[in-house]
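Good morning, everyone, and thank you for making the time. Please have a look at the structure on the screen before I go through it.

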Amino acid sequence: MTRFEARKSRTARAGAIYDLLLAEYPDAKCALDHASPFELAVATILSAQCTDARVNMVTPELFRRYPDPEALSAALPEELQEVIRSTGFFRNKTRNLIGMATALIERHNGEVPRNMKELSALPGIGRKTANVVLGNAFGVDEGVVVDTHVKRLSRRMGFTAEATPEKIEKDLMALFPQRVWTMLAHLLIWHGRQVCNARRPLCNRCAISHLCPSSTV
């Protein structure tokens, strides 16, 4: 956030930025292909340190072999590792996927829970992953997903001066109404990928450059 910007002014500016980004990206949504809360949980675990595009290349075969928690919990680790190898950190992800599926069966009758406490307690699922699942599978705005794009843009746009995802999320939750938390992350991620990239932001093509304290135009 800009150093001397009043809260009221920052809130109004944030609202204007949100509206402009929504107009710019009306179809913004989760980039991970999924057909159920279970599939989204699996895909989000795989997305750690991996692109969504790569995950979407892997999940069709993964879901064909392991279509539900029962099948995934019974997966042979060496076989699952081969399916997901290209997503990176495949051994750790294999443990998390099997552990998550087993926990769903043992604790939740095979159903993905719809609340932060139970969801974030599952193996491989922290607050960020739980926010993805709750917001996109259940329409529950429990928090704001803070990935690398959201972190970068939130700081550039003056929404926060914090450096950790947890503190950035708190600032965003205080600045934006709860009903837009899920879409806010989508908009920032889409804008970060298409315009406000890490190395050379395209400020001359940016719909909100006149509202951004980091703009070069």
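How many nonpolar, polar and charged residues does the lining of the largest pocket have? I should say early that this is a predicted model, in which local features need pLDDT of at least 70 and side-chain atom pairs count only at pLDDT 80 or more, while totals for chains, interfaces and linings use all residues. Residues are numbered from 1 along each chain as its sequence is written, and side-chain values use heavy atoms, with hydrogens and water left out.

By class, the lining has 15 nonpolar, 13 polar and 10 charged residues; here Ala, Val, Leu, Ile, Met, Phe, Trp, Tyr, Cys and Pro count as nonpolar, Asp, Glu, Lys and Arg as charged, and the others, Gly among them, as polar. Of the 38 lining residues, S47, K128, V145, V146 and D147 lie nearest the centre of the pocket, and α8 gives the most to the lining, with six residues.

Let me turn to helix α3, residues 52-65, where a helix is a DSSP run of H or I with at least four residues, numbered from the N terminus. Its buried residues, meaning those under 20% relative accessible area with a 1.4 Å probe and protein chains only, are D52, V55, N56, V58, T59, L62 and F63.

Finally, L22 is found in helix α1, residues 7-24, and touches M183 and L187, not counting residues up to four places away in sequence, where contact means heavy atoms within 4.5 Å. The C-alpha atoms of L22 and E39, 17 residues apart along the chain, are separated by 27 Å.

How values were computed:
Helices (H or I, at least four residues) and strands (E, at least two) are DSSP runs, numbered from the N terminus. The expected span of a helix is 1.5 Å times one less than its number of residues. Buried means under 20% relative accessible area, exposed over 50%, partly exposed in between (1.4 Å probe, protein chains only). On a 1 Å grid over the protein atoms alone, a cavity is a set of points where a 1.4 Å probe fits but cannot get out, and a pocket is an open set with protein on both sides within 12 Å along at least five of seven lines; lining residues have an atom within 4 Å of a point.
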